[in-house]
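Here are a few exercises to work through with the model open. Try each task before you read the solution.

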Amino acid sequence: MPDGSLSLPARLYLLSWDTTRLKVTGATHLHHLVRAGALTELAQRGLLADVEGIATPVDPDAHTGDLVLDGLLELVEESRPRKWKAWVTLRARVTLDAVRAQLAAEGYLRAEKKRVLGLFPSVEYELERVAAVDALREDARLVLMGPVPVADVSDRDAALVALAAAAELRTLLPGKDRKLHKDRIEELTERSGAAAPALKKVIQEVRTAVTVAVTTGAATGAAAGG
């Protein structure tokens, strides 16, 4: 995939952009998706392990060199033990804010400082590198639809598509197409954790937590609208 140096949470965030309307989709639960991507990458790198269902740092001195991933790793280390699904939602906006700041620093986004009600400072982000996001989406769709066999897909690319599908990200997978690619998505989820049996369990738990967060958010929004 293009921009392979970008972390999984950064790529998931960029994938959420609708490059036609220049707006983010799924904003209500985007922080959960981005946090799930960060947890997954740390697990794939062997920096977070599953210990009786608890997300546990393997080495307190380990670092990735990525500010977003290292920030989450530090947060997990300094907090009381929690299950994976708890970390998908707990203070997840911290990770989203870090991803956006990182992408702005690297030129993918443009940060615009504003004031809410003329008083409170706020930052809004605009997409700068539209072509890069379009290329990312097209490659993700190839992973989702083939013709490349799942066994030949990298674990990081498999996780990208599996998590995006779990979050019902419309920029990748319109609702009407979800059932059509259900089996492929399950295979990609398995592929995401191919490095170790324990990793498969972790990624499945994280993916399920994203689905629950999205479903709960949709139900809450519908109730409020009613």
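**Exercise 1.** Work out what share of the contacts joins residues 24 or more positions apart.

Solution. Start with the contacts (heavy atoms within 4.5 Å) that have a separation of 6 or more; residues 24 or more positions apart account for 68% of these. Before going on, note that this is a predicted model, where local features need pLDDT of at least 70 and side-chain atom pairs count only at pLDDT 80 or more, while totals for chains, interfaces and linings use all residues. Residues are numbered from 1 along each chain as its sequence is written, and side-chain values use heavy atoms, leaving out hydrogens and water.

**Exercise 2.** Find how much of the protein is buried, and what it exposes.

Solution. First, 45% of the 226 residues are buried, meaning under 20% relative accessible area with a 1.4 Å probe, protein chains only. Next, the exposed area comes to about 11,300 Å² (Shrake-Rupley method, 1.4 Å probe), and carbon and sulfur atoms supply 55% of it. Finally, check the extent: the C-alpha trace spans about 50 × 40 × 40 Å along its principal axes.

**Exercise 3.** Say which residues line the second largest pocket, and sort them by class.

Solution. A pocket here is an open set of points on a 1 Å grid where a 1.4 Å probe fits, with protein on both sides within 12 Å along at least five of seven lines; lining residues have an atom within 4 Å of a point. The lining is Tyr13, Trp17, Val24, Ala27, Leu30, Arg93, Leu96, Asp97, Arg100 and Tyr125. By class, that gives seven nonpolar (Ala, Val, Leu, Ile, Met, Phe, Trp, Tyr, Cys and Pro), no polar and three charged residues (Asp, Glu, Lys and Arg).

Conventions. Buried < 20%, exposed > 50% of the residue type's maximum accessible area, 1.4 Å probe, protein only.
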